[in-house]
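Let's walk through how to read helix packing and a ligand site together. Have a look at the entry below, and then we'll take it one feature at a time.

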Amino acid sequence: MKFEEMDIDDSIKKALKDMKYENATEVQLRTMPDINYGKNVVVRSQTGSGKTSAFGIPLSERIISGKSKYVLIIGPTRELMVQVKNEIKELNKYTNISAYAVYGGHGIVGEIRVLKGSVQILCATPGRLWDHIERKTINPLDFDTVVLDEADRMLDMGFINEIKKILGVVKPKNIHMFSATLDGRVAKLINKYITKYEEVILKDEIVGVDIIEKKITVPKEEKFTELVAHLKKAKGKRVLVFVSTKRYADKLKEKLSRMDFRATCIHGDLTQRKREVALENFKSKKKNVLIATDVAARGLQIDNVGYVINYDEAMDADTHRHRIGRTGRMGKMGYAITFLDSYDDRRSRKRGVGREGREHKRRRRYESRRPRRR
Ligand code: AMP
């Protein structure tokens, strides 16, 4: 849908034209009306989805119409907060709404000077914001609206105490949250501070882009040792390991657990409940190695993993792409390592020898029964 045709304040429409934003993105379409109306929103979205304007536009409109006075946006990094502030300033090129960013790592005196004037939309990193609140250079009670941007990243970066302290002293009418994941610790935060909200879950708009891919030939009998070496290198980061059979997923989990790796698995023979628990443990990092078969992993939101290891190669290029797209997301570098069969293993697989051979034969039989598309 075109911004031109939407019910948006004319001055913002004019700015959007200058910014060359023509059509609203999915996150914008789905969140702007609720935010404008005064409902809280909790949005699962990736960076790059257009989320800044999704809250920037309606929050500016609320200030223009007098429904809101001061807005506080809290985000994990200086870079993000400066970027958000710049976009909000651009949106408000033809209004007189002021936006400013405060963040650690540079002098606070200059910030204090600016804060003495009127700042209607304040973007802040948690540490520096708390500093200002303690110095009384920011009055937390001024803000009627708070946005928690990239909430999961703030928690990853260890800002939980600051966030709790801040949310303990601001008393806004509305709190909105944007986060790439909405489970585990993020869910706890939501339950505690945002009692009533509209949840918006977007289709994955961006699949992994920052991926370093490596393919290595590994003879079958060395695969396990090779995997262990990579798990050690991953140093506690989340590793998603793809195997081709359910039975081997179980076996690998047991072998790794015996070596004190925090491994879990998902495959089609497990009950829904068990799969959910495995996934939950992986997301909360209670377990950091998840062994999965393709069928079980399909449709599940398992992303933001440090490494994808294709212990067994994918059956086709599309499956391979889906597997490795689970890493290298949200601007983080990801690693995908594929173990290629050695020449001898390929030959024995073709002859139908061993576990993979049997699996290969079974799949070929299955494929040959399927009607071919023309
Ligand atoms: P964000 O997810 O807010 O970081 O936005 C990602 C990028 O998309 C930024 O470079 C924005 O300038 C751009 N963007 C946001 N909304 C739109 C839109 N409706 N049309 C075109 N570009 C957009």
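Q: At what angle do helix α5 and helix α6 pack, and how far apart are their axes?
A: Before we start, keep in mind that this is a predicted model. Helix α5 spans residues 109-116 and helix α6 spans residues 126-135; they pack at an angle of about 65 degrees, with their axes 12 Å apart.

Q: Which word describes that arrangement, and why?
A: Angles of 65 to 115 degrees count as roughly perpendicular. That is why α5 and α6 are described as roughly perpendicular to each other.

Q: Is the crossing of α5 and α6 left-handed or right-handed?
A: Handedness depends on which way the near helix is turned from the far one. Here α5 passes α6 in a right-handed crossing.

Q: How should I read α6 and helix α8?
A: Take the distance and the angle together. The axes of α6 and helix α8 (residues 160-169) come within 9 Å and cross at roughly 45 degrees. That makes the pair oblique. As for handedness, α6 passes α8 in a left-handed crossing.

Q: What about helix α10 and helix α11?
A: Try the same steps again. Helix α10 covers residues 223-234 and helix α11 covers residues 246-258; their axes come within 12 Å and cross at roughly 55 degrees. These two helices are therefore oblique to each other, and α10 passes α11 in a right-handed crossing.

Q: Now to the ligand: which residues around the ligand come nearest?
A: A good start is to list the surrounding shell. There are 13 residues around the ligand, and Y21, N23, Q28, G50 and T52 come nearest. By class, the shell has two nonpolar, nine polar and two charged residues.

Q: Which helices each supply at least two residues of that shell?
A: Both α3 (51-64) and α4 (78-91) do.

Q: Where are the polar contacts to the ligand?
A: Look for pairs of N or O atoms within 3.5 Å. An N or O atom in the side chain of Q28 is 2.8 Å from a nitrogen atom of the ligand. The ligand also has an oxygen atom 3.2 Å from a backbone N or O atom of K51, and a polar side-chain atom of T52 lies 2.6 Å from an oxygen atom of the ligand.

Q: How much of the ligand does the protein bury?
A: Compare the ligand alone with the ligand in place. Taken alone, the ligand exposes 500 Å², and the protein buries 70% of that.

Technical notes:
Residues numbered from 1 in each chain as written. Predicted model: local features only at pLDDT ≥ 70, side-chain atom pairs only at ≥ 80, totals over all residues. Heavy atoms only, no water. Near = heavy atom within 4 Å. Polar contact = N/O pair within 3.5 Å; in protein donor to acceptor, adjacent residues only side chain to side chain. Areas by Shrake-Rupley, 256 points an atom, 1.4 Å probe, with all protein chains shown as cover. Helix = DSSP H or I, 4+ residues; strand = E, 2+ residues; numbered from the N terminus. Nonpolar A, V, L, I, M, F, W, Y, C, P; charged D, E, K, R; others polar. Axes fitted to C-alpha atoms, helices over the stretch in contact; angles between N-to-C directions. Parallel < 35°, antiparallel > 145°, perpendicular 65-115°, else oblique.
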